[in-house]
Amino acid sequence: ITNNESVSRLIGGGALDVNLFKNERQSLKMILRAGIDTYTLKTTVFFPRDLQFMSPAVGGVDGLTSDGTTQNTDSNFSAFLVHNYRTDNDIAFTTQAGVTNERFSQNTLRVTSTGLIASESNVDQAANVGVNQFRLRQEDSGFFVQEEVNYQDKVIGTLGLRGDKSSNNGDANKFFYYPKGSMAINLHNFDFWSVDEINQFKVRAAYGEAGNFAPYGALFTTYLNSLIGGNVGIITPTTLGDPSIQPERQKEFEVGFDSGFLNNKVTLEYTYYIKKVEE
């Protein structure tokens, strides 16, 4: 019996940070990120026809040989601009904007033969030859903008918006937008705070939305092959694709506080959140 697997994989990535501009009050940085993951799997299976359980007399298939190959490639790219600015009264602004792109492709091909001729191991030397193939291709793109304001590390606020599109959606060119916002107040940094035993007390609140792309195959109907009366053809499966499918949307709101006692020797965190998922 032969049952072998051979894997070849290459994972690579790179990053580039460029300081485009900088002075005493502000700076502008560009950040580039890219990565790739290529994967190839080869499988070989061989059951000679002279094996006892391969005999048709006991329900065997008179020998089996199979060759399979899976090729998978994932790649991603992102580019960001980060701008920092500080005013005279110690208000810091951090502005970020960027784009992302991710691509996935997979091709699995498997040939399985039974009823071998003289125990030949080639897949074409058999009475019955079956071929299966699965192909997948997906591309996701998006952008985001975000603004963070920090007032003397006393009040910190963030607003952001992300837009995404995917080839798995009903309209591959339509963007779906997801806002977010948060606010945090460090009460211990204000002049009125006079509780020496509590050296840290921050209250916070946040709201955000996120999307989850439809799985591959939910958009299109994958036909099945058939053989009726010696004629080949295709038939419609019981599960149909949805041409108007959209991504799943998650909405979450949370509030809480972080506290530290005795120079942060003892800490306490509390969070209450509500999360809703809509299709």
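These legends describe close-up views of a predicted model. Local features need pLDDT of at least 70 and side-chain atom pairs count only at pLDDT 80 or more, while totals for chains, interfaces and linings use all residues. Residues are numbered from 1 along each chain as its sequence is written, and side-chain values use heavy atoms, with hydrogens and water left out.

**View 1. The largest pocket and its lining.** The largest pocket holds about 700 Å³ of space. A pocket here is an open set of points on a 1 Å grid over the protein atoms alone, where a 1.4 Å probe fits, with protein on both sides within 12 Å along at least five of seven lines. Lining residues have an atom within 4 Å of a point. Grid points are joined across faces, edges and corners, and the volume is the space filled by probe spheres set on the points. The lining of the largest pocket has 22 residues, and Gln133, Phe134, Arg135, Tyr216 and Thr222 are the closest to its centre. Strands E4 (91–116), E5 (126–151) and E9 (224–228) each supply at least two lining residues. E5 gives the most, with 9 residues. Strands (E, at least two residues) are DSSP runs, numbered from the N terminus. By class, the lining has 9 nonpolar, 11 polar and 2 charged residues. Ala, Val, Leu, Ile, Met, Phe, Trp, Tyr, Cys and Pro count as nonpolar; Asp, Glu, Lys and Arg count as charged; the others, Gly among them, count as polar.

**View 2. The second largest pocket.** Its volume is about 200 Å³. The lining has 13 residues. Leu161, Arg162, Tyr178, Lys180 and Glu209 lie nearest the centre. E5, E6 (155–166), E7 (176–186) and E8 (198–212) each supply at least two residues of this lining. E6 gives the most, with 4 residues. The lining divides into 6 nonpolar, 3 polar and 4 charged residues.

**View 3. A tilted pair of phenylalanine rings.** The count for the model comes to 9 aromatic pairs. Phenylalanine 80 and phenylalanine 144 form a tilted pair, with 5.5 Å centre to centre and 55° between the planes. Rings of Phe, Tyr and Trp (its six-membered ring) pair if their centres lie within 6.5 Å; planes under 30 degrees apart count as stacked, over 60 as edge-to-face and the rest as tilted. Phenylalanine 80 is in strand E3 (residues 64–86) and phenylalanine 144 is in strand E5, 64 residues apart, so the pair links distant parts of the chain. Phenylalanine 80 is partly exposed, at 21% relative accessible area. Phenylalanine 144 counts as buried, at 15%. Buried means under 20% relative accessible area, exposed over 50%, and partly exposed in between (1.4 Å probe, protein chains only).

**View 4. A ring cluster, and a lysine over a ring.** Ring pairs join Trp193, Phe201, Phe257 and Tyr270 into a cluster. Lysine 154 lies over the face of phenylalanine 190, 5.4 Å from the ring centre. A charge sits over a ring if NZ of Lys or CZ of Arg is within 6 Å of the ring centre and within 35 degrees of the ring normal.

**View 5. Positive phi in two loops.** Most residues other than glycine have a negative phi. Aspartate 62 has a positive phi of about 60°. Aspartate 62 is in the loop between E2 and E3 and counts as buried, at 19% relative accessibility. Leucine 262 has a positive phi near 55°. Leucine 262 lies in the loop between E11 and strand E12 (266–278) and counts as exposed, at 53%.

**View 6. Surroundings of aspartate 67 and lysine 42.** Aspartate 67 is in strand E3 and is partly exposed, at 36% relative accessible area. Beyond four places in sequence, aspartate 67 is in contact with Thr43, Thr44, Leu109, Arg110, Val111 and Val123. Contact means heavy atoms within 4.5 Å. Lysine 42 lies in strand E2 (residues 26–47) and is partly exposed, at 47%. Leaving out residues up to four places away in sequence, lysine 42 touches Asn4, Glu5, Ser6, Gly68 and Thr69.

**View 7. Surroundings of glutamine 250.** Glutamine 250 sits in strand E11 (residues 248–261). Glutamine 250 is partly exposed, at 22% relative accessible area. Residues up to four places away aside, glutamine 250 touches Gly208, Glu209, Ala210, Asn212, Lys275, Lys276 and Val277.
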